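Please look over the protein shown here with an eye to how its helices pack, where its charged side chains pair, and which backbone angles stand out.

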Amino acid sequence: MVNVHHPAPGARSADEDPVLPLVRRRRLVGVDAARGLALVGMMSIHILPAWNPETYGPTLQWELFAGRAAALFALLAGVGLAFSSGGRTPHRGRTMTADRVGLLVRAVLITGLGLLINQVMPADPPAYDILVYYGMFFLLAIPFLHLPARTLFGLAAAAAVVGPVLMQALRGVLPALEVYNPTFADVLAEPGTVLAQVLFTGTYPAVPYLAYLLAGMAIGRLNLRAVRVQGRLLVAGLALAVGAWLVYWVLVLRSGGYDQLMSSTPWLSEDLIDEIIVWGPDPVLPDTSWWWLLIPGPHTNTPVAILQDLGSGAAVLGLLLLVARRAGAWLLPLSAMGSMTLTLYSAHLLALAAMLHYEVPLLWFLIHVAVAALFAVAWQRAFGRGPLERLLARAAGAARGLALGAGPRAAAGR
């Protein structure tokens with residue numbers, strides 16, 4: 001959600017050193033378009049109905065975006081972190097230290113912004129704000145910022161398994177989630193509860209979500225301008241998504257896993273278990289059996305769900321990178337929105353807080369998307385970076401400059 005510019009091949013990015021003057025850089029349209037699609041997906045989940053009133057089955061937008069849009073956001077956040085820390089060749093020494101300091105500043109500011117927005121959200125919120133979790137994503141990413149692609153892919157695979165296992169194992173000793181969108185008051189009153197929520201028990205828990213972030217960082221270390229890499233992302237992503245679903249199909253639906261779920265949670269009927277798989281837990285999965293870690297479903301945060309969403313996210317990114325090679329202009333509404341998702345997502349949440357969308361959800365969804373697209377295209381052409389992105393970049397750049405010994409004035413001159 002926090003975007004960086006993508007340097008052209010052979011050009012040095014001004015993001016690498018705040019003392020350097022700005023250079024002209026080409027953005028990867030496919031990456032921005034993928035961010036824009038994730039934003040549209042989040043808007044659809046927040047506004048449009050989740051079920052069909054005639055069949056009571058999930059709607060198409062729910063099947064496409066529930067859980068996956070947030071996962072795609074986290075994946076692309078990792079891609080952006082890789083871009084801003086050296087791309088294919090990670091920074092070293094003081095420059096990497098400066099990158100970490102800048103990322104720390106971004107994490108703090110995004111967390112603060114999320115807490116402020118949560119102040120105006122109703123107690124029964126129309127959306128679960130990801131920004132506070134986003135700040136924790138960035139904090140957890142700091143130790144891994146220097147690593148190459150192969151190591152990051154390995155760590156992402158480990159996080160996809162270890163994160164859900166830790167989440168399940170610690171659930172009995174962690175404080176239960178009390179509010180969906182924590183505020184500054186909640187942080188001051190119940191810091192342990194909010195920390196547990198952001199790390200393990202919330203809607204977008206940072207520990208299992210670290211798999212998306214690390215995988216995105218690994219992808220960002222690749223040559224994403226090469227058609228071969230783009231094609232491999234598409235094919236490998238599809239294979240991973242299908243493979244994860246087959247694990248669920250074989251072990252749960254065909255080899256007795258479903259019976260284990262029913263026997264371990266006798267208070268849940270078959271229909272209620274199916275509801276968890278389709279709609280997600282409320283708020284967390286039962287911890288009565290390890291078999292729960294083999295189900296998919298939005299926000300279940302199991303290894304199967306994470307790998308499935310990782311695969312679909314990589315496939316979407318690969319596809320949009322390929323499309324952008326020939327038809328990048330057609331992606332302008334998405335790519336413009338994707339270049340300033342922090343600004344647009346924050347505005348979207350504030351608009352939702354007015355609670356105006358329940359009577360005519362389709363109309364309000366179209367209004368949100370149309371206003372976001374029109375604003376993004378106009379602002380990008382006039383000013384470049386989005387307003388919140390610009391402020392965040394200045395603060396992080398100033399911190400990087402201090403870490404490099406450049407002085408705040410030179411750093412802020414970015």
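The report below takes up helix packing, then salt bridges, then two backbone angles.

The model is a predicted one, and the values given here should be read in that light.

**Packing around helix H1**

Two packed helices are described by the angle between their axes and the distance between the axes. Helix H1, which spans residues 29–47, packs with helix H16, residues 361–383, their axes coming within 10 Å and crossing at roughly 155°. Because angles over 145 degrees count as roughly antiparallel, H1 is described as roughly antiparallel to H16. The crossing of H1 past H16 is right-handed. On the H1 side the contact is made by Val 40, Met 43, Ser 44 and Ile 47, and on the H16 side by Pro 361, Trp 364, Phe 365, His 368, Val 369 and Ala 372. Sorted by class, the contact of H1 with H16 has eight nonpolar residues, two polar ones and no charged residues.

H1 also packs with helix H3, residues 68–84, at an angle of about 150° and with the axes 9 Å apart, and this angle makes H1 roughly antiparallel to H3. Here, however, H1 passes H3 in a left-handed crossing. From H1 the contact draws on Val 31, Ala 34, Arg 35, Ala 38, Leu 39, Gly 41 and Met 42, which meet residues of H3 including Leu 72, Phe 73, Leu 76 and Phe 83. The contact of H1 with H3 divides into 12 nonpolar residues, two polar and one charged.

**Salt bridges**

Side chains of opposite charge can pair when their charged atoms come close. The structure holds four salt bridges, among them the three in the table.

| Salt bridge | Closest N to O distance |
|---|---|
| Asp 32 with Arg 27 | 2.6 Å |
| Arg 35 with Asp 32 | 2.8 Å |
| Asp 99 with Arg 400 | 2.7 Å |

Asp 99 lies in helix H4 (residues 93–119) and Arg 400 in helix H17 (residues 387–404), so this pair ties together parts that are 301 residues apart in sequence. Both partners are buried, Asp 99 at 6% relative accessibility and Arg 400 with a relative accessible area of 5%. Elsewhere, salt bridges that share partners join Arg 27, Asp 32 and Arg 35 into one network. Within that network, Arg 35 and Asp 32 are three residues apart in helix H1, and so are separated by about one helical turn. Asp 32 is buried, with a relative accessible area of 3%, and Arg 35 is buried as well. Arg 35 thus has two roles to note, since the residue pairs with Asp 32 in a salt bridge and is also listed in the contact of H1 with H3.

**Two positive phi angles**

Most residues other than glycine have a negative phi. Tyr 56, although not a glycine, has a positive phi of about 60°, and is found in the loop between H1 and helix H2 (60–65). Asn 301 likewise has a positive phi, near 55°, in a residue other than glycine, and is placed in the loop between helix H12 (270–279) and helix H13 (303–327). Are these two residues buried or exposed? Tyr 56 is exposed, with a relative accessible area of 61%, whereas Asn 301 counts as buried at 5% relative accessibility.

Conventions:
Residues numbered from 1 in each chain as written. Predicted model: local features only at pLDDT ≥ 70, side-chain atom pairs only at ≥ 80, totals over all residues. Heavy atoms only, no water. Axes fitted to C-alpha atoms, helices over the stretch in contact; angles between N-to-C directions. Helix = DSSP H or I, 4+ residues; strand = E, 2+ residues; numbered from the N terminus. Parallel < 35°, antiparallel > 145°, perpendicular 65-115°, else oblique. Left-handed = near helix turned anticlockwise from the far one by under 90°. Contact = heavy atoms within 4.5 Å. Nonpolar A, V, L, I, M, F, W, Y, C, P; charged D, E, K, R; others polar. Salt bridge = Lys/Arg side-chain N within 4 Å of Asp/Glu carboxyl O. Buried < 20%, exposed > 50% of the residue type's maximum accessible area, 1.4 Å probe, protein only.
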